[in-house]
Amino acid sequence: MSNIKYTLEDSFKHRGRRKRLVEALRNKGITDENVLGAISKVPRHFFFPKDFWDDAYEDKAFPIGSGQTISQPYTVAFQTQLLNVQPGSTVLEIGTGSGYQAAVLAQLGAEVYTIERVEDLFRTTSQLFAKLKLPIHCFLGDGTIGLASKGPFDGIVVTAGGNSLAEQLKVQLRTGGRLVVPMGDRSIQKMVLIKKVVENKYDRTEHGEFKFVPLLGKYGWET
Ligand code: SAM
């Protein structure tokens with residue numbers, strides 16, 4: 001776990017709500033104590049517009065502008081648990097959005113690279129990372145092609161629903177690395193975990209159904 005100190009003041013009220021959220025996630029089946037610990041430390045309300053801070057600890061997705069959403073906390077916890085993030089590992093996130101998932105990964109001690117294709121979100125969230133002094137590397141572009149110049153990665157997590165891109169991303173994994181990607185049609189996706197076992201050998205497993213906003217781009221849905 002990293003020792004990130006947030007530069008904005010957290011509050012007693014929000015810490016209490018966060019504690020209840022962590023218990024709710026535990027009751028829904030999240031078992032990784034490191035993931036639950038990271039969620040208990042990252043003030044999710046900082047990633048919401050200030051008028052909606054009190055909505056931040058519901059286990060729900062929430063609109064963040066540009067037709068996009070901050071993912072439901074359960075989904076963030078589930079994907080992070082599948083990634084099995086180790087301190088000092090290098091993780092690529094595709095779909096920066098509000099920046100919350102990236103902050104959870106940073107809290108776990110990962111070196112985080114994140115890509116967003118919507119310029120407004122990229123700008124707002126990069127500014128938020130700077131304000132919070134979060135050491136997260138933020139890129140504007142099409143994440144479906146990955147970020148080979150910064151790889152290979154120990155983990156890659158895709159936070160929008162794709163159709164056929166896993167092939168393009170799995171080659172950017174280090175041996176032993178994990179790719180977590182929701183794949184399916186536009187209305188429903190299966191959470192797919194791909195592990196790179198050795199060079200050119202991958203294991204693939206499926207972990208339940210989720211509903212994400214579409215992953216748009218070269219190896220995603222058409223814009
Ligand atoms: N991880 C985000 C968070 O913690 O707030 C949730 C993001 S939202 C569910 C999915 C994001 O993926 C949106 O911001 C969307 O613009 C972005 N996205 C969709 N296609 C993309 C692509 N090809 N490359 C990068 N980002 C993409």
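Here is a walk through a predicted model, from its ligand site to its salt bridges and a small hairpin.

Let's start with the ligand, which has 27 residues around it. The ones that come nearest are Glu93, Ser98, Glu116, Gly143 and Leu216. Glu116 also puts a polar side-chain atom 2.6 Å from a ligand oxygen. Two ligand nitrogen contacts are worth a look as well: Asp142 brings a polar side-chain atom to 3.0 Å from a nitrogen of the ligand, while Arg117 uses a backbone N or O atom, 3.4 Å from a ligand nitrogen. As for cover, the ligand taken alone exposes 600 Å², and the protein buries 99% of that.

Now for the charged side chains. Searching the whole structure turns up 13 salt bridges. One of them pairs Asp10 with Arg18, at 2.5 Å from N to O, and both of these residues are buried.

Another salt bridge joins the side chains of Asp59 and Lys28, with an N to O distance of 2.4 Å. This pair ties together distant parts of the chain, 31 residues apart: Lys28 sits in the loop between α1 (12–27) and α2, and Asp59 in the loop between α2 (33–41) and β1. How buried or exposed are the two partners? Asp59 has 15% relative accessibility, so Asp59 counts as buried. Lys28, at 45%, counts as partly exposed.

For a pair within one helix, go to α6 (residues 166–170). Here Glu167 forms a salt bridge with Lys170, and the closest N and O atoms are 3.3 Å apart. The two residues are three apart in the helix, so about one helical turn separates them. Their surroundings can be read from the accessible areas: Glu167 is partly exposed, with a relative value of 48%, whereas Lys170 is buried, at 15%.

Salt bridges can also be followed beyond a single pair: Lys13, Arg17 and Asp54 are linked in a network of them.

Last stop, the hairpin. Strand β1 (residues 62–65) and strand β2 (residues 68–70) run antiparallel, joined by three bridges. If you want a landmark across the pairing, Pro63 in β1 stands opposite Thr69 in β2. Two residues lie between the strands, and Ser66, in the turn, has a positive phi of about 55 degrees. When looking along strands, keep in mind that in a regular strand the side chains alternate between the two faces of the sheet.

Key:
Residues numbered from 1 in each chain as written. Predicted model: local features only at pLDDT ≥ 70, side-chain atom pairs only at ≥ 80, totals over all residues. Heavy atoms only, no water. Pairing = 2+ DSSP bridges. Helix = DSSP H or I, 4+ residues; strand = E, 2+ residues; numbered from the N terminus. Salt bridge = Lys/Arg side-chain N within 4 Å of Asp/Glu carboxyl O. Buried < 20%, exposed > 50% of the residue type's maximum accessible area, 1.4 Å probe, protein only. Near = heavy atom within 4 Å. Polar contact = N/O pair within 3.5 Å; in protein donor to acceptor, adjacent residues only side chain to side chain. Areas by Shrake-Rupley, 256 points an atom, 1.4 Å probe, with all protein chains shown as cover.
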